[in-house]
Amino acid sequence: MEELFKIWTGYLASGVEAIAGLLVAFAALQATFHALRLVLHKPGQQIGAQEPYTEYIRLGLGRWLALALEFELGADILRTAIAPSWTEIGQLAAIATIRTLLNYFLQQEIDRAAQRYPQAPGHRPPTHIQPPVPLQTEVRKPQ
């Protein structure tokens with residue numbers, strides 16, 4: 001019975017790793033698409049003016065990679081869930097530490113970049129610079 005659980009857990013871990021691979025592939029395609037669109041639609045724009053847009057692309061890629069790292073860690077945990085040896089536990093501890101540190105520093109970078117370019121989650125950066133909105137003053141009626 002234990003051997004059957006190991007086999008099925010191995011299949012499940014492989015499936016979770018495949019999902020992580022798909023997430024990385026999706027993230028790379030999405031970032032490539034946005035980068036190409038930026039390059040092709042803004043040919044005359046100066047490099048400094050493109051920084052918010054490239055940072056947006058980078059943040060999106062970073063978020064997807066952080067999610068993929070979580071899936072990879074989950075797959076590693078699944079692989080050692082059924083009757084692990086001390087060697088497997090040590091390897092899992094090392095891998096979990098490395099992936100957790102990678103994810104932590106990636107999240108720190110995402111948070112810092114999000115503070116530099118604050119936007120509502122899920123919204124794209126503006127495609128043009130909008131003129132400032134004039135302040136509205138309250139009009140009082142004479143009494």
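Select Leu 4 to begin: in this predicted model its relative accessibility is 43%, so Leu 4 counts as partly exposed, and the residue is found in helix H1. Now widen the selection to Met 1, Leu 4, Phe 5, Ile 7, Trp 8 and Tyr 11, which form a nonpolar patch on the surface with about 720 Å² of accessible area together.

Next, colour the whole chain by secondary structure. The protein has three helices and zero strands, and along the sequence the pattern reads α-α-α. If the surface is switched on, the accessible area comes to about 10,900 Å², of which 66% belongs to carbon and sulfur atoms, while buried residues make up 20% of the 143 residues. Among contacts between residues at least 6 apart in sequence, 81% join residues at least 24 apart.

Return to H1 and place a distance between its end C-alpha atoms, which are 58 Å apart, in agreement with the 58 Å that its 40 residues should span at 1.5 Å a residue. Which residues of H1 are buried? They are Thr 9, Ala 13, Val 16, Ala 20, Leu 23, Ala 27, Ala 31, His 34 and Leu 38.

Helix H3, residues 86-116, can be treated in a similar way: with 31 residues, H3 reaches 45 Å from its first C-alpha to its last, close to the 45 Å expected at 1.5 Å a residue. Its buried residues are Leu 92, Asn 103, Ile 110 and Ala 113.

Turn now to the aromatic side chains, where the structure holds three aromatic pairs. Select Phe 26 and Trp 64, whose ring centres are 4.9 Å apart and whose planes stand at 80 degrees, so the pair is edge-to-face. This pair links distant parts of the chain, since Phe 26 belongs to helix H1 (residues 2-41) and Trp 64 to helix H2 (residues 47-79), 38 residues apart. Phe 26 counts as partly exposed at 41% relative accessibility, and Trp 64 is also partly exposed, at 27%. A further pair to select is Tyr 104 and Phe 105, with ring centres 5.2 Å apart and planes at 75 degrees, so this pair is edge-to-face as well. Tyr 104 is partly exposed at 46% relative accessibility, whereas Phe 105, with a relative accessible area of 52%, is exposed.

The last stop is the charged side chains, among which the structure holds six salt bridges. Select Glu 55 and Arg 58, whose side chains meet in a salt bridge of 2.8 Å, N to O; these residues are three apart in helix H2 and therefore separated by about one helical turn. Is Glu 55 buried or exposed? Glu 55 is buried, with a relative accessible area of 9%, while Arg 58 is partly exposed at 39%.

Keep Arg 58 selected and add Glu 109, which forms a salt bridge with Arg 58, the closest N and O atoms being 2.9 Å apart. Because Glu 109 lies in helix H3 and Arg 58 in helix H2, this pair ties together parts that are 51 residues apart in sequence. Glu 109 is partly exposed, with a relative accessible area of 23%. Adding Arg 112 completes a network of salt bridges that links Glu 55, Arg 58, Glu 109 and Arg 112.

Finally, select Glu 72 and Arg 99, whose side chains meet in a salt bridge of 3.9 Å, N to O. Glu 72 in helix H2 and Arg 99 in helix H3 are 27 residues apart, and the pair links distant parts of the chain. Arg 99 counts as partly exposed, at 21% relative accessibility.

Methods
Residues numbered from 1 in each chain as written. Predicted model: local features only at pLDDT ≥ 70, side-chain atom pairs only at ≥ 80, totals over all residues. Heavy atoms only, no water. Phe/Tyr/Trp six-rings, centres within 6.5 Å; stacked < 30°, edge-to-face > 60°. Helix = DSSP H or I, 4+ residues; strand = E, 2+ residues; numbered from the N terminus. Buried < 20%, exposed > 50% of the residue type's maximum accessible area, 1.4 Å probe, protein only. Patch = residues over 30% accessible without salt bridge, like charges linked within 9 Å, V, L, I, M, F, W, Y side chains within 5 Å. Areas by Shrake-Rupley, 256 points an atom, 1.4 Å probe, with all protein chains shown as cover. Salt bridge = Lys/Arg side-chain N within 4 Å of Asp/Glu carboxyl O. Contact = heavy atoms within 4.5 Å. Expected span 1.5 Å × (residues − 1).
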